[in-house]
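Visitor: Please take me through one part of this model in close detail. I would like the largest pocket and what surrounds it.

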Amino acid sequence: MPRLFQALLLTFLLLGGCAGHSDYMMDVPAEKAAYMPTADKALIIFMRPSGLGFAIQSSVFDITSGEPVFIAIVPAKKKVAHLLPPGTHRFMVIGENAGYMDANVAAGKTYYAVVDPRMGMWKARFAFEPVHKAQLSSSDLKEWLADCTWVETTPQALQWSKDNMPSIQEKKSDYLQDWTKSEDKAVLLVADGE
């Protein structure tokens, strides 16, 4: 194997374990992170347990209404709690591409979705991987939740989403139609909550 290829492979593997950082998100100490669903709201935890593409931000939006509503930026090795009303919702994650997930959620339940990085042409691409009922007691989920630390959105993140809305809208229109035609969609079901 050529030395340059070996060096690039080693660098890629080492960087795969790195945690990300976003100037737009605020770290939340574990002892202050008390995120729970409520009697009239569901909770989705978006997490990014992989360190792959750690330097690339993955921004998550609720596009249920058709318009992107900013939720958070989810850096590598971080997690975000999002309260939402029960019912059907559609989410979008942006990187080099736009990825989507539909979710039907019930009040008083907690749901989990992994923001999954993949190699792109110029930077990381992202997709959602919903955590289904059969995975709720898995060691993988426990490990992901333990490995990811909490972050919350800042006013600067909201401003970033406003400033970048033309690009966000463009990505949404470029990728949504193909996703809606796909047979392999990411979907969280009511029964996937705990």
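Guide: Here is the pocket, then one residue of its main strand, then the sheet and helices.

This is a predicted model, where local features need pLDDT of at least 70, side-chain atom pairs count only at pLDDT 80 or more, and totals for chains, interfaces and linings use all residues. Residues are numbered from 1 along each chain as its sequence is written, and side-chain values use heavy atoms, with hydrogens and water left out.

The largest pocket holds about 360 Å³ of space. A pocket here is an open set of points on a 1 Å grid over the protein atoms alone, where a 1.4 Å probe fits, with protein on both sides within 12 Å along at least five of seven lines; lining residues have an atom within 4 Å of a point. Grid points are joined across faces, edges and corners, and the volume is the space filled by probe spheres set on the points. The lining has 18 residues, and Tyr100, Arg118, Ala127, Trp179 and Asp184 are the closest to the centre. Strand 7 (98–105), strand 9 (125–130) and helix 4 (165–181) each give two or more residues to the lining. Helices (H or I, at least four residues) and strands (E, at least two) are DSSP runs, numbered from the N terminus. Strand 9 gives the largest share, six residues. By class, the lining has nine nonpolar, two polar and seven charged residues. Ala, Val, Leu, Ile, Met, Phe, Trp, Tyr, Cys and Pro count as nonpolar, Asp, Glu, Lys and Arg as charged, and the others, Gly among them, as polar.

Now stay on strand 9, where Phe126 is found. Phe126 counts as buried because its relative accessibility is 1%, and buried means under 20% relative accessible area (1.4 Å probe, protein chains only). Beyond its neighbours within four places in sequence, Phe126 is in contact (heavy atoms within 4.5 Å) with residues including Arg48, Ile56, Val93, Gly99 and Pro117.

Strand 7 belongs to an open sheet of five strands, in the order 4-3-6-7-11, with mixed pairing. Two strands pair if DSSP finds at least two bridges between them. Strand 6 (87–94) runs antiparallel to strand 7, joined by eight bridges. Arg90 stands opposite Asp102 in strand 7.

Helix 4 lies across strand 3, strand 6 and strand 7, at about 70 degrees to strand 7. Axes are lines fitted to C-alpha atoms, for helices over the stretch in contact, and angles run from 0 to 180 degrees between N-to-C directions. Helix 3 packs against helix 4 at about 65 degrees, with axes 5 Å apart.

How values were computed: Buried means under 20% relative accessible area, exposed over 50%, partly exposed in between (1.4 Å probe, protein chains only).
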